[in-house]
Amino acid sequence: EERSRIANELHDSVNHNLLTLKNNLSSGKIINVSDLSEVIEEVRNISRNLHPAVLETIGLEASIENLCERLTEIGLFTTCEIEYHQKLSKNKELQLYRIIQEALNNTLKHGKANAAKVILTSNEAHLQLEVKDNGNGFDVSQQLKNPKSFGLQSIIQRAKAIAAKININSSDKGTVILLKIPI
C-alpha cells in the first residue's frame, strides 16, 4: 500500500510536472525557475515523507510539533498537546508519526477543515493518540469498504502493526481518530 501511495504521488505530481517542463523545452518555450523549484519542492516533500530525518534527529515530540507547524503554514491551523516520555521503539515511533501524518493529510485534502489537533498522552500501561479536526466528516463504514481510501487503510494497518486499538468517529462536525497503544 505504501509503495502504491508513493507511486501515485510520483506519477500524479512529479512526473506530470516534469513532462510539462520537457514539452515546454521541446517546443522552444522558456522554463520559469519557479516551475523547476516547484518540482524540486515536491520531490523534497515526498522524500521527507518517505523517511522523516527529523524523527531520528530531534525525536518524536519535536517531529510532531514540526509537522503541525508546517500544516499551519499551509492553511490548516494545527495544534498539539504532547506528553510523551520515550517508551516506544524507533519503529513504533515511526509508525505513530506516519499515522499522525496521514490523518492530518487526509484532513487537509478531504476534510475541508480549518483546524486540527493532535493529543498524545502516556501513562504506565499505554500511550493514547487522538487526532481530531473540525471538518465535514465522512461515513467511516463506507470509506473502510472503498478500495480507493488508501489513507484510511494505511492508518488502520499501521495501528495493527503497533498493536494499537483504533476507533474512528466522524460526523459533519469533524473526525476523531483515537488510538490506544500498549507500552
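These legends go with a set of close-up views of a predicted model.

**View 1. The largest pocket and what sits around its centre.**
Start with the open space: the largest pocket has a volume of about 1,300 Å³. Its lining is made up of 43 residues. Look for Glu-102, Asn-105, Asn-106, Lys-109 and His-110, since these are the ones that lie nearest the centre. As for character, the lining divides into 18 polar, 14 charged and 11 nonpolar residues.

**View 2. The pieces that build the pocket lining.**
Quite a few elements pitch in here. At least two lining residues apiece come from helices H1 (2-26), H2 (33-50), H3 (53-73), H4 (90-110) and H6 (150-161), and from strands S3 (126-133) and S5 (174-182). Which element gives the largest share of the lining? That's H4, with 10 residues.

**View 3. The largest nonpolar core.**
Now for the greasy part: 35 residues make up the largest nonpolar core. Leu-60, Ile-64, Leu-96, Ile-100, Leu-104, Leu-120 and Leu-129 have the most contacts inside it. Helices H3, H4 and H6 each supply at least two residues of this core, and so do strand S2 (115-122), S3 and S5. H4 turns up again with the largest share, 7 residues of the core. As a rule of thumb, nonpolar side chains in soluble globular proteins tend to be buried together.

**View 4. Zooming in on Leu-96.**
Who does Leu-96 touch, once its neighbours within four places in sequence are left aside? Its contacts are Leu-60, Leu-88, Leu-120, Leu-127, Leu-129 and Ile-181.

**View 5. A salt bridge between two strands.**
The structure holds 2 salt bridges, and this view shows the one where the side chains of Glu-81 and Lys-117 meet, at 2.6 Å from N to O. Glu-81 belongs to strand S1 (residues 77-82) and Lys-117 to strand S2, so the pair ties together parts that are 36 residues apart in sequence. Glu-81 counts as partly exposed because its relative accessibility is 42%. Lys-117 is partly exposed too, at 26%.

**View 6. A salt bridge within helix H4.**
Here Lys-90 pairs with Glu-93 in a salt bridge, and their closest N and O atoms are 3.6 Å apart. Both sit in helix H4, 3 residues apart, so about one helical turn separates them. Are these two buried or exposed? Lys-90 is exposed, with 53% relative accessibility, whereas Glu-93 is buried, with a relative accessible area of 2%. In general, side chains of opposite charge can pair when their charged atoms come close.

Technical notes: Residues are numbered from 1 along each chain as its sequence is written. This is a predicted model: local features need pLDDT of at least 70, side-chain atom pairs count only at pLDDT 80 or more; totals for chains, interfaces and linings use all residues. Side-chain values use heavy atoms; hydrogens and water are left out. On a 1 Å grid over the protein atoms alone, a cavity is a set of points where a 1.4 Å probe fits but cannot get out, and a pocket is an open set with protein on both sides within 12 Å along at least five of seven lines; lining residues have an atom within 4 Å of a point. Grid points are joined across faces, edges and corners, and a volume is the space filled by probe spheres set on the points. Helices (H or I, at least four residues) and strands (E, at least two) are DSSP runs, numbered from the N terminus. Ala, Val, Leu, Ile, Met, Phe, Trp, Tyr, Cys and Pro count as nonpolar, Asp, Glu, Lys and Arg as charged, and the others, Gly among them, as polar. A nonpolar core is a set of buried Ala, Val, Leu, Ile, Met, Phe, Trp, Tyr and Cys residues joined through side-chain atoms within 4.5 Å. Buried means under 20% relative accessible area, exposed over 50%, partly exposed in between (1.4 Å probe, protein chains only). Contact means heavy atoms within 4.5 Å. A salt bridge is a side-chain nitrogen of Lys or Arg within 4 Å of a carboxyl oxygen of Asp or Glu.
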